[in-house]
Amino acid sequence: MDQLSPLDAAFLEVEDADPHASLAIASVAVVEGPAPSQDEFLALIRSKLHVLPRARQKLVRTPLDLSTPQWQDDPAFDLTYHLRRTALPAPGGDAELCALIARIMGQRLDRERPLWEYWVVEGLADGRWAVLAKVHHCMADGVSGTMMYDVMYGDAPAPEPPDDASPSSLLSLLANVVRAPLDLAGGLLSLVWSLLPVRPSTLFGQLGSPRLYRLVRTSLPEVKEIAHTFGVTVNDVVLAAITQAYRALLLERGERPSPHSVRTMVPVSVRGDRKLDNQVSLRLAFLPVDAETAVEALAQVHRRFTDAKQEHQAESGQTLALLARHEPFAPLAWSVRLGAMMPQRSIVTVTTNVPGPRKPLKVLGRRIVEILPYVPIAIRIRTGIAVLSYTDRVAIGITADRDSTPDVDVLAEALHKAIAELLIESRRDAAPTRRG
């Protein structure tokens, strides 16, 4: 039997500690019609099972958490249980689709079965339909999740199953620490410093179980145009727009946007292979919600995340995750569980940006029009934002706690407005160059 890595297992521990959390990630492929029959879709998924062993396996915990949970074949595996079908009420627009996504993702996956579901959703506007792929975060991160699109609907080989052997020996890890002790120490110090409590606000606190989901769309070529004009990264542009969105939400609630109001956790891929598991580290930084304009926010975001990169936060986090593979799991599990139960006051939101498939894909001969991302929230983080690109489109999915964030539309509308503002300003700045 294969074992989870400590990082994979940590997502289970957090879910166990938070009764209101459902730590599944998802993506929604919107497809041109007509929708296939249930038998057609069953046949498609069944044809892929031989290259996806995890799809037929469930988790088994060891007594007293002496080791990480293990995967074992489910003797009662029933494919029809995992393939669900539903339909949107008329008119089948974004409002109806977002409500369905929130409802499905607010429910936990059954731990007694393989931890995934596929939902065929009929009744979308313009004769379209969708496939919602729901997978527990202990099985995959955003990057490995998007790799599955090329496997399920393209001709890419299956991701390699993760093995329970550490990817690096303890000796080689220690050698890396010895070679770059200052970088590691500096990165760890930066991470610890970044976990100091933030300014109190309504943006974080207790959660309920129901979720809200909102969607913002933009053009990848336009985002790249903004990045090129201002000499920043695509991720900087997205984070600047998100910054302005949180500023708008604070102002709407009558709260003063402070330089230390919104610290975000940004997952960073450290993937070096095609294994289906979690290979992420993180960076922590404050979003400059005190910046009054999107352009000012962009400059500050670029500077802060450049500094965070130079502080080696992600590298230090990766080293800690790898070292954890050589430690007894029980103390790690208990520590994660206890930490998740504590009222954390350090992280306000999670913002993740994942590059999706670059080439158009088809499901049973039908073209995928767009792919929408979903990121879960837990441990007092009331909102999360996931960004996913597909061909020339960018979809931004906003997850919110329904009980505490009924005004999530303020966040979505301000995010869309900020991207538009940055595009206008980028073209204004570029105009003299083009005329010359």
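Where is the place of Thr68? I found Thr68 in the loop between β3 and β4. I note at the outset that this is a predicted model, in which local features need pLDDT of at least 70 and side-chain atom pairs count only at pLDDT 80 or more, while totals for chains, interfaces and linings use all residues. Residues are numbered from 1 along each chain as its sequence is written, and side-chain values use heavy atoms, with hydrogens and water left out.

**Entry 1: Thr68 and the open sheet**

I use element names for DSSP runs numbered from the N terminus: helices are H or I runs of at least four residues, and strands are E runs of at least two. I looked up the accessibility of Thr68 and found it buried, at a relative accessible area of 7%. Here buried means under 20% relative accessible area, exposed means over 50%, and partly exposed lies in between, with a 1.4 Å probe and protein chains only. A polar atom of the Thr68 side chain lies 2.6 Å from the backbone oxygen of Leu4. I count a polar contact as a pair of N or O atoms within 3.5 Å; within protein, one must be able to donate a hydrogen and the other to accept it, and residues adjacent in sequence count only if both atoms are side-chain atoms.

I then traced the strands on either side of this loop. They belong to an open sheet of three strands, ordered β1-β4-β3, with antiparallel pairing. β1 (2–3) and β3 (57–60) are the edge strands, each pairing on one side only. Two strands pair if DSSP finds at least two bridges between them. β3 and β4 (residues 70–73) run antiparallel and are joined by four bridges. Val60 has Gln70 of β4 as its bridge partner. Gln70 is buried, with a relative accessible area of 17%. I also recorded 9.5 Å between the C-alpha atoms of Gln70 and Gln57, which are 13 residues apart along the chain.

**Entry 2: Helix α1**

I turned to α1, which covers residues 6–17 and has 12 residues. Its first and last C-alpha atoms are 16 Å apart, close to the 16 Å expected at 1.5 Å a residue. The expected span is 1.5 Å times one less than the number of residues. Because 10 of the 12 residues are buried, α1 is largely enclosed by the rest of the structure. Among the buried residues I list Pro6, Phe11, Leu12 and Val14, and also Asp8, Glu13 and Glu15. At the N-terminal end, Ser5 acts as a cap, with a side-chain oxygen 3.1 Å from the backbone nitrogen of Asp8.

**Entry 3: Strand β2 and its partners**

How many residues of strand β2 are buried? I found eight of the eight, residues 24–31, so β2 is largely enclosed by the rest of the structure. Ala24, Ala26, Val28 and Val30 point one way, and Ile25, Ser27, Ala29 and Val31 the other. In a regular strand the side chains alternate between the two faces of the sheet. β2 pairs with β7 (residues 129–136) in the antiparallel sense over eight bridges, and Ala24 stands opposite His136 there. β2 also runs antiparallel to β13 (residues 366–374), with six bridges; Val30 has Glu370 as its partner in β13.

**Entry 4: The cavity**

I looked for enclosed space and found one cavity of 30 Å³ or more. A cavity is a set of points on a 1 Å grid over the protein atoms alone where a 1.4 Å probe fits but cannot get out; lining residues have an atom within 4 Å of a point. The largest cavity holds about 40 Å³ of space; a volume is the space filled by probe spheres set on the points, which are joined across faces, edges and corners. α9 (234–252) and β11 (349–355) each give two or more residues to the lining. α9 gives the most, with four residues. The lining includes Asn353 and Val387, and Asn353 of β11 stands opposite Val387 in β14. β11 and β14 (residues 383–390) are parallel, over seven bridges.

**Entry 5: Backbone exceptions**

Most residues other than glycine have a negative phi, and most peptide bonds are trans. I noted a cis peptide bond from Gly33 to Pro34, with omega near -5 degrees, and another between Ala90 and Pro91, with omega about 10 degrees. Asp126 has a positive phi near 65 degrees and is exposed, at 71% relative accessible area. Ile379 has a positive phi of about 40 degrees and counts as partly exposed at 27%.

Terms used. 1 Å grid on protein atoms, 1.4 Å probe; cavity = no way out; pocket = protein on both sides within 12 Å on 5 of 7 lines; lining within 4 Å.
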